[in-house]
Amino acid sequence: MSVLALHEIGHAYFGRTVLDRVSLDIGAGECVALVGPSGSGKSTLLHIAAGLLTPVRGHVARGYRRHAVVFQEPRLLDWKDARGNIAYVLRRSRLSSRALGARIAAVAELVDLTPDDLKKFPVELSGGMRQRVAIARALAIEPDFVYFDEPFSALDVGLRQRMQDLALGALLRRGAGVLFVTHDLMEAARIAHRVLVLAADGCGVAGERAIEGAPLARDARASFDCAQRFLTADPLFAHLNDVDERRVL
Amino acid sequence: MQASTSSAGVLDAALDRLGRIGRFLWSAWIGLAALSLIAALWQLGHEIFGDFVLPAPLPVIAHIQAIVAAPESHPVILATAERALVGLALSLLVGGGLGLVIGYSPAAIRIMRPVVTILIGVPPIAWIVVVMIWFGSTDTTIIATVVAAAAPLLLIGAAEGVITRNRGLDDMARAFGAGPLRRATLGLRQAATTLFPALMMASGTAFKVAVMSELLTNAGGVGGALADARATLDVGEALAWVALAVALLLLVEYGLMHPVRSEFERWRSAAQPWGVKR
Ligand SMILES: Nc1ncnc2c1ncn2[C@@H]1O[C@H](COP(=O)(O)OP(=O)(O)OP(=O)(O)O)[C@@H](O)[C@H]1O
Ligand SMILES: [Mg+2]
């Protein structure tokens, strides 16, 4: 039973095609990593899936209840402190002020933000902290599907792994579906059930690989080996680390 | 536990606010220093050019005291203040409101740009003549002139703020289920960044234009008093009235607009280096 199905999606910006015939399916409780070279249209695809862009061709079917999005940039409201930013998306759920405080404290703990950090404005936070506020904001609405667009790219290796375990772990345990865009094959190999590779020119999904074992249960050794195997022995990933080929040509 | 943390939060917020008010009042010393500098230059000019061209600051200050002490001059000052403020409020309503709406519509922006340029290019004198033919020497004439001069500034300020808003935030709000109305409040909030500077300019314009059109239409107020001073060639009296008009403007700016602005832009001051803050 799929909670997100993209069928033959095509998109063009001002007549320039960036996506063509892309189809993908995500089942309930599944975490799918989407990789592809920079500029291949990953963010565009994610925005289409989340309903923020209307595709030129194809259609999207969503079977989940409520989604949240973690954008490539934090997209915080400058004039609200971290707490206010998280509370902003909770206004629709009409929580009592006590429940609101408890919810914010819970998600802040998941992303390692202290009560002191919550009082700071985005300009007073580091890049990684801003990204973590954005993650906390997404978790706060208790979504059953989350779109992540390179959410941990501003974090160091240790913190990245902690975020994967805490934030992503909490979601997957609740049975939420996840579409996770990343550059980092090792990250993909650690967290996902499946890895999809977007073709460099955006023309469809070049292929997909299932990863053995349960997400987040794999140790560093296993995910490193898996990423190495993909990169060295698998032709599907051959062009992944090329810088946007179309621009070079 | 819950209660104690929340009361600590309230205490923190109160202390923070007290600190900010204190800093604001403390910054008055710098304003006083600037005024003293102006007075010193003024005194220098007086000593070079003589009493008839530029009276010394101290006698003018005595003039101001006399005007403020005389009960019959209060309605004169209040009349000008009221006209300028009503004009400013109407400008904010009409110009600012229209600017917000226009900011959201690319087609409207293209149509309105040349119109606004024309409106700004027309000198206030031209408005005075036309408006006086319509309304005579009344409050309405002065207020209408003020609106004609100030509204285009606010229209540009508001429209520019909406146009340059961070559109990524619109998408963010939509992704989290916000409807069109809540997204519009996001745009409004971001428009404050450009609306406040426009409002400062517009308030200066409002007072200047109000005094000028009072003088030209003989409609009383500070402008009318200035016309009387000119008739009797009393430069000291004229300067005293000009200083009063400027003082009114300063009162509105520092008593009303700066506090409101700093409330809106608290986050900006959080990021400012120490020297800029004070
Ligand atoms: N708003 C836009 N207007 C015009 N072109 C755009 C726009 N957004 C993206 N593009 C183009 O679409 C293509 C895909 O962009 P997209 O942001 O989806 O790439 P990406 O795969 O997410 O890259 P990265 O990994 O660097 O984030 C790029 O060539 C980009 O230039
Ligand atoms: Mg991207």
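Here is a short exchange about ligand 1 and a nonpolar surface patch in this predicted model.

Colleague: Happy to dig in with you! Which element of chain A gives the largest share of the shell around ligand 1?

Modeller: In the shell around ligand 1, the elements that give two or more residues are strand 2 (16–27) and helix 1 (42–49) of chain A. The largest share is three residues, and it comes from helix 1 of chain A.

Colleague: Nice. How many residues of that shell are polar?

Modeller: In total, 15 residues surround ligand 1, with A:Ser38, A:Lys42, A:Ser43, A:Thr44 and A:Gln72 the closest. Four of the shell residues are nonpolar and three are charged, while the polar ones number eight.

Colleague: What share of the area of ligand 1 does the protein bury?

Modeller: Let's begin with polar contacts. An oxygen atom of ligand 1 is 3.2 Å from an N or O atom in the side chain of A:Arg16, and one is 2.9 Å from a polar backbone atom of A:Gly39. A polar side-chain atom of A:Lys42 lies 2.7 Å from an oxygen atom of ligand 1. Taken alone, ligand 1 exposes 640 Å², and the part of this that the protein buries is 69%.

Colleague: Over to chain B, then: is B:Ile21 buried, partly exposed or exposed?

Modeller: B:Ile21 sits in helix 1 of chain B and helps make a nonpolar surface patch of about 1200 Å², together with residues including B:Trp26, B:Leu35 and B:Val246. Helix 1 (2–26), helix 2 (28–49) and helix 11 (235–264) of chain B each give two or more residues to that patch. Because its relative accessibility is 44%, B:Ile21 counts as partly exposed.

Key:
Residues are numbered from 1 along each chain as its sequence is written. Chains are lettered from A and ligands numbered from 1 in the order in which they are written. This is a predicted model: local features need pLDDT of at least 70, side-chain atom pairs count only at pLDDT 80 or more; totals for chains, interfaces and linings use all residues. Side-chain values use heavy atoms; hydrogens and water are left out. Patches are made of residues with over 30% relative accessible area and no salt bridge: like charges are joined within 9 Å, nonpolar side chains (Val, Leu, Ile, Met, Phe, Trp, Tyr) within 5 Å. Accessible areas come from the Shrake-Rupley method with a 1.4 Å probe; for residues, only the protein chains shown count as cover. A salt bridge is a side-chain nitrogen of Lys or Arg within 4 Å of a carboxyl oxygen of Asp or Glu. Helices (H or I, at least four residues) and strands (E, at least two) are DSSP runs, numbered from the N terminus. Buried means under 20% relative accessible area, exposed over 50%, partly exposed in between (1.4 Å probe, protein chains only). A residue is near a molecule or strand if one of its heavy atoms lies within 4 Å of it. A polar contact is a pair of N or O atoms within 3.5 Å; within protein, one must be able to donate a hydrogen and the other to accept it, and residues adjacent in sequence count only if both atoms are side-chain atoms. Ala, Val, Leu, Ile, Met, Phe, Trp, Tyr, Cys and Pro count as nonpolar, Asp, Glu, Lys and Arg as charged, and the others, Gly among them, as polar.
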